[in-house]
Amino acid sequence: MTAYELRAQHEPADPVGRSTTRWHILRHGAFVAMCGYRIDPVADTRPIADVEAIDPECRCPECWEWWAAVEQVWAEGSPREPEP
Ligand SMILES: [Zn+2]
């Protein structure tokens, strides 16, 4: 379960800083999310354990859909994961 992480998609905030618009799911150390979005290397990171804690409005629908499929497969006892 530690092979994945959550990474943020940011947009510049006014007047300074940045705001988080969406969270994506990635394999640990990867820079492309399961949905194909390319993550900024300096984007915020949260542990995959927080996957249920992310505000639904900030979840990437494709990434969460994929994650649900992974949990389904694991629940069935398979160590494999579906392809994104
Ligand atoms: Zn995504």
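1. Start with E5 in β1, since two strands meet there. On one side, E5 stands opposite P47 in β3. In β2, the bridge partner of E5 is L26. Keep in mind that this is a predicted model.

2. The β1/β3 pairing: β3 covers residues 45–47, and 3 bridges tie it to β1. The two strands run antiparallel.

3. The β1/β2 pairing: here β1 (residues 4–12) and β2 (residues 18–27) are joined by 9 bridges, again with antiparallel strands. If you want a second pair to look at besides E5 and L26, take E11, which stands opposite S19 in β2.

4. How many residues sit between β1 and β2 in their hairpin? There are 5. Have a look at G17 while you're in that turn: its phi is positive, at about 85°.

5. Stepping back to the whole chain, I get 3 strands and 1 helix. Reading from the N terminus, the order is β-β-β-α, so to speak a run of strands with the helix at the end.

6. On overall dimensions, the C-alpha trace spans about 50 × 25 × 20 Å along its principal axes. As for burial, 17% of the 84 residues count as buried.

7. Last, the contacts. Taking those with a separation of 6 or more, 50% are between residues 24 or more positions apart. For an example of strands joined across the sequence, go back to β1 and β3, with E5 opposite P47.

How values were computed
Residues numbered from 1 in each chain as written. Predicted model: local features only at pLDDT ≥ 70, side-chain atom pairs only at ≥ 80, totals over all residues. Helix = DSSP H or I, 4+ residues; strand = E, 2+ residues; numbered from the N terminus. Buried ≥ 20, exposed ≤ 12 C-beta atoms within 10 Å, placed from the backbone. Contact = placed C-beta atoms within 7 Å. Pairing = 2+ DSSP bridges.
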